[in-house]
Every structure is written in structure tokens, then in C-alpha cells.
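Thank you all for coming, and please have the sequence and the model open while I talk. I will begin with some strand pairings, move on to the ligand, and finish with the chain as a whole.

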Amino acid sequence: MDFPTRFDVIVIGGGHAGTEAALAAARMGSQTLLLTHNIETLGQMSCNPAIGGIGKSHLVKEIDALGGAMARATDRAGIQFRVLNGRKGPAVRATRAQTDRILYKAAIREILENQPNLTLFQQSADDLIVENERVTGVVTQTGIRFLGKTVVLTTGTFLGGIIHIGMKNHAGGRAGDAPANALAQRLRELPFNVGRLKTGTPPRIDARSVDFSVMQQQWGDDPTPVMSFMGSRDEHPRQVCCHITRTTEETHDIIRSGFDRSPMFTGNIGGVGPRYCPSLEDKVSRFADKSSHQIFVEPEGLTTHELYPNGISTSLPFDIQVRAVQSIPGFEKAHIMRPGYAIEYDYLNPQDLRHTLETKFIQGLYFAGQINGTTGYEEAAAQGLLAGINAARQAQDKDAWYPRRDEAYIGVLVDDLITMGTSEPYRMFTSRAEYRLILREDNADLRLTDSGRELGLVDDERWRKFNAKRDAIGTERSRLEGTRVHPNSAAGERANQYLKQPLGRDHTLAELLRRPEIVYAHIADIAEYRADDAIVADQVEIEIKYEGYISRQADEIERLRKNENTALPVDLDYGIIGGLSNEIKQKLGAVRPETVAQASRVQGVTPAAISQILVHMKKRE
Ligand code: FAD
């Protein structure tokens, strides 16, 4: 039979983690198999059809800089784009796109199907082949054995998934999909620490049954933001309006009347849910003093009437869902097309992983996405990309690669997960990064494209465009640093219009731009010249304005880098290191940090403990 069964890299699961993992491995030249339950659901958004948002867009743009698909698909599928925190500092600005879920899936599928070195196959992976603590392949539901040098597992919410609506529950990976129970059972037999988490989704509503006239309108930004460095506004489909409404006291009374049949409150669901994305019953119970909660009414696409009411995720019984929805202004006659539900699923403690997302117990096996206790498409995609890169590199006998915390949010995400573990679904926020001013969404390409090129992820077209941008930034910066404005010149007079205090001596344009009251548009007016590309102008403005803070953060990073580069053996016996408390020994023994810097981030580990470890390491040499 002429059917390929040997691959370099096998990726299980075609969600957001799996697709980025498979694309990265294939782009790096590894023969890659993407094995998934259903080819129709490649790139499916299980919940809200939106990409980006605070902290998350930083991940999307980093994935993009490393040649990933998420931002490109978003530009082809986005039906409303906005920049959140637009008036705040550049570190926390974030692009968010409402997408058409059908267009998004189609874009991902097209990218996958046209990727050289990538084979797609539809079937459930039921078993892993493990020999001498090394994974060597996968067995499918019908017994097909695929052999691979490395395997990436990205099973999302499917491991042992149970769907809850009120007191009724059934097995499922998400609504309409079967769970992955055989694989879940197999993972429980292997030496992994398995826990349960839960997440939920709101009922979906037919737009034809909604009265939008009583709701507030919300349009996207103009000009429309673009997600990918390679994207353009011309790719965007038709842009649409979203709406805002609110829950009422009556809604909350109805929700409360269902508490005795809530799977969460009656103990039917044991898994912990996402703190930052609580269900409506959670909000009503935890914030009892609030009489109303905001709901964003978001279209699911251009060719469907289905609406996503963002903010009313619920697993209450269906009769309560109908009454609660119909108590909301504009939804009085709403028809629910799909009930809301909660899903409980297995996740594996990410402390069992290395920075590459390879498991510590089974060589060549990588975990990425929701399986590691995270929530969100962007978090999943970021991990998938990293796991795919490393699975390919291991298959090619190359060294591991991962970004540090000061290089990328991807580095922050993975380091947080493997160092601290998580007992609730983990989502990204800008507050999780200590070097926020350096890790901005606007400079993700400048931070990571070089690495992407070296890894073999950045094609010639992107590389050319990137270098042109980097050169243009350098040229514009030099111009601002080299152009002087004399107080008695025409330019000086123009400058005085904008300055709080008139010029007393010569200043460079860069010095003027550092003044709080001056922005790039003023500089352009003063110098009667502006950079052709607004993105270049923005970048130069941010770099110059925040130079002081940025260089302070850079100094701190440099100081700490030594610790990042000092490796700790994974088999280090913390029990024999003198001067460490039992608590610290136990915590370090559980986490098994890979570097001194990672050890210092383990909760409760003091600088004194780090000194003891360094002394011990010196003695070992
Ligand atoms: P998934 O997107 O779940 O993809 C997993 C893929 O693996 C699927 O294609 C599946 O078919 C395949 N698969 C699984 N097991 C096997 C197997 N054994 N063999 C072959 N293929 C397999 N995120 C938020 O940010 N906010 C939310 O409010 C939110 N709510 C959610 C509500 C629900 C009900 C669900 C289900 C998810 C929600 N999410 C939410 C999470 C979001 O959907 C996930 O974080 C994201 O999809 C995870 O991506 P992933 O690639 O890890 O997994």
C-alpha cells in the first residue's frame, strides 16, 4: 500500500495550537503529519470569533513575526478591527479583530493545504507509541500506526471532555464534537500530573429576532488597523457594526432562580473556570451589588445571522437561559440557536514541561495549547508555534530554541506555565510581563523576525519587507538625531508654537520629540518633512520618547541575563543543598528549573537560596 506512515514530526489536533505547530515544523523542512479528528474543523473557534485584545494581540504579532498563520488569517477574516487602550502608553495598546468564523477557518485551511512538507489526515489519535521513555509514534482509532521522530499533542478541551447544561451532561470535546477519551486514558497511565479545568460559552442568538434599535452601536476604528506585518487593509472583508446592551435586575433574578440547578453551584463541575472570563451566574453571585453587566453583541460572520453575546457565558438549564436572554433589552424576542454550555476537561500540569514544551518524562513528546492549562486561541497558537519549532529542531538534531521573558510574550507565557504551573485557566495579560515597554505589539517584528529568519520560518518576501522597514526606521531616527533647530530660525519659530517654553538654544529634532508636549506630527511640521510610512514614524516616536525607560529596562535585562544563561541540571538533587529550607527544596524539586533565573522565579525562592544553589553548583564543578 502506498500510504505515508513515517514522518519527522506528528502533530495531533488541528485547533489553534496544532495548526501553528504543523505549519512551523513543515516550514522548517520537516516532513510533518497533522492528524486531527475532522478536517472540516481545522482552525475552528470554539467560542468567541475574535482574535487579539489586551496581551493577546502581542502574542498574535509575535506569532506573525515568526511566520505563523494567525494574524494573516485574521486579516482575511476580520469584520471589525479596533485598537484597545489607544490613548494609553504603547506598551498596553492592543489590536482586536472580530472575525467571520467561516472565513477564518477557510483561511487557515487554505494556508495548511498549500504548505509544502505538510500532510493532513483525518482520524482520532487514540494511543502514543512510547519506547524507552521516548515517543516514536501514534496509533489511530482504526489502528493505523504513524511513526514520527517527535510528536506534538494539542488536544484542546477534548481530553475526557464533559459538556454541562444545567443538571444534564454528556461526553464531548466541544458542542457537536466527540471527546478524546482513549487518549485521555492513555495519558493518565503515563507519568503525567493530570487535573481538571472548565470553560464555558454563551448561547448564540439569531439576529433576525433581535431589536438593535435599543442598543448602542459600536463601529471599528478608521483607518482600519491591520493585524499581520504582511497584511493589508485591502484584504479585509466588509466591516460591520457591533452593539452593546446590558443585563437587568430581572436577568439577575432569573439567573439566581436557576442556582439550584447550576452544575457549578451544585458540585457537578469540579474543574476550575477562567477567572477573567466568568460565567454570568458567577458574576451575579460574586458581584451581587452590581445591578447590570455589559454585553457586546457581536456578529459571527457576514453570511450568517448568528450572534455571539459576549459576556453571558452560562451553563444554567436551557429554560433559565431562554428567560434570562429574553429579559435583556433588545433580546425580548430573541431566538437561541445554540444553548450556552460549560465543558470540563483534562489538562496536564505544565510544570512537567521544559521551556521548549517538551515533556520532562517522555523524550520527543511536546504538549501545546489548552492541554497545558491555558485558555484562548492566541495562547494556544503561541505554544503550538514554539512546540512545532522545537519538535522540528529535535527531529533535525538541532539545539532547542525558545525566547526569553525579555524577548517575547511567548517567553513570558511558557516560563510562567512551566515555573509556576496553573490551577485555573491561564490567559495572557500585559501585566504578566516585567519588561512591558520592550515587549510591545508594535515592535514584535523588530524583536523576532531575525530569529524567525534563522529558524527558517521567515520567507524571502517578508524578510525583504522587514529589512526595508528596519532601514527606514534607522534612517528616520538618524535624521531626527542629526537635524538641529536654531531658536532664531523659521523652524525654531514653528517649534515655539508647540513648546511650553520657547527654545533657548539649539536642539535636535530628537531632543524636541522627547518633550512631553511634542508628538511626531509637530516634528513633521517643524522640519517640514515627514516619514512616508506612518508605521515608521510611530516606531521612531516611541523609541525616542521612551528611550530613557527602555534603556533602563535593557540594563536590568543585561544584569539578569547571566542567570538566564546559567543552566541547572534537571536531575539536580535539591535535598542535599545546605541552607535551603525544606519548603524551597520541595518546590525546586517539583519544578526542576532549567536555569538559575527560572529557579529565582519559583514562588518562595529567596535570593539567599539562589546563592546557596550557586555555591553548590561551583562545588560540583
Ligand atoms: P482546540 O481549539 O480545542 O483544538 C483541539 C483540536 O484537537 C480539535 O481540532 C480536535 O478535534 C483535535 N483533537 C483532540 N483530540 C484529538 C485526538 N485524540 N485525535 C485527533 N484530533 C484530536 N477561550 C477564550 O479565550 N475565552 C473564552 O471565553 C473561551 N471559552 C471557551 C468555551 C468553550 C465551550 C470552549 C470549548 C473553549 C473556550 N475557549 C475560550 C478556549 C479556546 O477555544 C481554546 O483556548 C482554544 O481553542 C485552544 O486551542 P487548542 O488548539 O489548544 O485546542
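Let us start with strand 8, residues 134–140, which pairs with strand 9 in the antiparallel sense over 3 bridges. I should say at once that this is a predicted model, so please keep that in mind throughout. Within this pairing, Val139 stands opposite Arg145 in strand 9, and the hairpin that the two strands form has 4 residues between the strands, with Gly143 taking a positive phi near 90°.

Strand 9 itself, residues 145–153, has further partners, and I would like to go through them in turn. Strand 1 is joined to strand 9 by 6 bridges, and these two strands run parallel; if you look for Arg6, you will find that its bridge partner in strand 9 is Leu147. Strand 20, residues 365–367, also pairs with strand 9 in the parallel sense, over 3 bridges, and here Leu153 stands opposite Phe367. Is strand 9 enclosed by the rest of the structure, or is it exposed? Because 7 of its 9 residues are buried, strand 9 is largely enclosed by the rest of the structure.

From strand 1 we can walk along the chain into the loop between strand 1 (6–12) and helix 1, which is where Gly13 lies, and Gly14 has its place in that loop as well. Gly13 counts as buried because it has 31 C-beta neighbours inside 10 Å, where the cut-off for a buried residue is 20 or more. Gly14 is likewise buried, because 29 other C-beta atoms lie within 10 Å. Which residues does Gly13 touch, if we do not count those up to four places away in sequence? They are Gly18, Thr36, Leu153, Thr154, Thr155 and Gly156, and you will recognise Leu153 as the residue that stands opposite Phe367. With its neighbours within four places in sequence left aside, Gly14 is in contact with Thr19, Leu34, Thr36, Thr41 and Leu42.

This brings us to the ligand, which is surrounded by 38 residues, the closest being Gly13, Gly15, Gly156, Gly369 and Ala380. By class, this shell is made up of 24 polar, 12 nonpolar and 2 charged residues. Helix 1 (16–27), strand 2 (32–36), strand 12 (194–201) and helix 9 (377–395) each supply at least two residues of the shell. For comparison with the records, an unreviewed UniProt entry lists Gly13, Gly14, Gly15, His16, Ala17 and Gly18 under "binding site".

A second hairpin deserves a moment, and it is formed by strand 10 and strand 11, which pair in the antiparallel sense over 4 bridges. This hairpin has 2 residues between the strands, and Gly166 takes a positive phi near 60°. On strand 10, Ile165 has Lys168 in strand 11 as its bridge partner, while His164 stands opposite Ala342 in strand 19.

Finally, let us step back to the protein chain, which has 20 helices and 22 strands. Its radius of gyration is 26 Å, close to the 25 Å that the globule rule gives for 621 residues, so the chain is as compact as a globular protein of that length. Of those 621 residues, 48% count as buried.

Definitions and conventions:
Residues are numbered from 1 along each chain as its sequence is written. This is a predicted model: local features need pLDDT of at least 70, side-chain atom pairs count only at pLDDT 80 or more; totals for chains, interfaces and linings use all residues. A residue is near a molecule or strand if its C-beta atom, placed from the backbone, lies within 6 Å of it. Ala, Val, Leu, Ile, Met, Phe, Trp, Tyr, Cys and Pro count as nonpolar, Asp, Glu, Lys and Arg as charged, and the others, Gly among them, as polar. Two strands pair if DSSP finds at least two bridges between them. UniProt positions are given in the numbering used here, feature names are shortened, and annotations may be inferred rather than shown by experiment. A residue is buried if 20 or more other C-beta atoms lie within 10 Å of its own, exposed if 12 or fewer, and partly exposed in between; C-beta atoms are placed from the backbone. Two residues are in contact if their C-beta atoms, placed from the backbone, lie within 7 Å. The radius of gyration is taken over C-alpha atoms; the globule rule is 2.2 Å times the number of residues to the power 0.38.
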